[in-house]
Amino acid sequence: TRSVLNHLARLHDGKSIPQLLSLSRSRIARLLLHINERLAKAHRKEERMRYLHVFDFILTEMGEDCLKSASVLRDSIYTTLRVMGYSELRAETCNKLQEIITVATKKNNTELKRHVRAIVAHLVHFSLEDAEKEDNKALDVLEELVLRNTEIVDAISKLDPFPELPLFARINKKFEQLRGKQSLLEEVKSFLDSKTTNISG
C-alpha cells in the first residue's frame, strides 16, 4: 500500500504522503480518478486489491467530511462500483459502498440522490450474478438502501420497477408501497422526470 501511495505522490508534483492527503477536494477528486483509471488497467487480483486498499485508506484518512464534495462523492461511488465488477473483490467493495452511502446520507444527501439510479442498477446486476450464493452482499446493500434508508425514499420511488423475481420480493413490496397506486398520468410524469434527471446528470 505504501509503495502505491509513494507512486501516486510522485505523480502529483512529488508530494509526500501527508501532503498528498492534505490536498484540496478538487485535487483529491483527481487522485481518486487516477486510482479509478489504474484499477481499470489492472489485470492481476493482487494489483486490484492493492489499489482498492489505497482507495479505502485515502477515504479513511480524509474523514467523512470529504464526501461533502460532489466530485469526491461521485468518484468514490463509481470507483467502488467499478471494483465491484470483480467477483473476488465484491464482498469488500459492497461493504465500502455501504459505508459511503451511510456517510453520504448524513453529509451530502442531495448529491447522493443523483447517483441512486446508477447504484441500484449495479447492485441489481450483481445481486443477480450472485443469486445462487448464500452470502449475497450486493443484495444486502440493495435491501439496506431500499428497505431502511428513509432519507432517499423520493429518489427510490422514481426508479424503474425491480425484476419480478423471488430474490427481490421484499424490495418489490417496499417499492410498491413507496410509489403507491399511481395513475397512468403520474406514471408518465415519473418516467419523464427520471429521464430528465439522467440527461442533466
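Okay, let's start with cysteine 66: this residue is buried, at a relative accessible area of 6%, where buried means under 20% relative accessible area, exposed over 50%, and partly exposed in between, using a 1.4 Å probe and protein chains only. Cysteine 94 is buried too, with a relative accessible area of 0%.

Quick caveat: this is a predicted model, so local features need pLDDT of at least 70 and side-chain atom pairs count only at pLDDT 80 or more, while totals for chains, interfaces and linings use all residues. Residues are numbered from 1 along each chain as its sequence is written, and side-chain values use heavy atoms, with hydrogens and water left out.

So how many disulfides does a search of the whole structure find? Zero, taking a disulfide as a pair of cysteine sulfur atoms within 2.5 Å.

Now the core. The largest nonpolar core (buried Ala, Val, Leu, Ile, Met, Phe, Trp, Tyr and Cys residues joined through side-chain atoms within 4.5 Å) has 49 residues. Those with the most contacts inside this core are Ile119, Val120, Leu142, Ile156 and Phe162. Helix H4 gives the most, with seven residues; helices here are DSSP runs of H or I, at least four residues, numbered from the N terminus.

Take valine 120: leaving out residues up to four places away in sequence, Val120 touches Leu142, Leu145, Ile156, Leu159 and Phe162, a contact being heavy atoms within 4.5 Å.

Last one, serine 127, in helix H8. Serine 127 counts as buried, because its relative accessibility is 0%. With the same sequence neighbours left out, up to four places away, serine 127 touches Asn136, Ala138, Leu139, Leu142, Leu167 and Phe168.

Note on methods: Helices (H or I, at least four residues) and strands (E, at least two) are DSSP runs, numbered from the N terminus.
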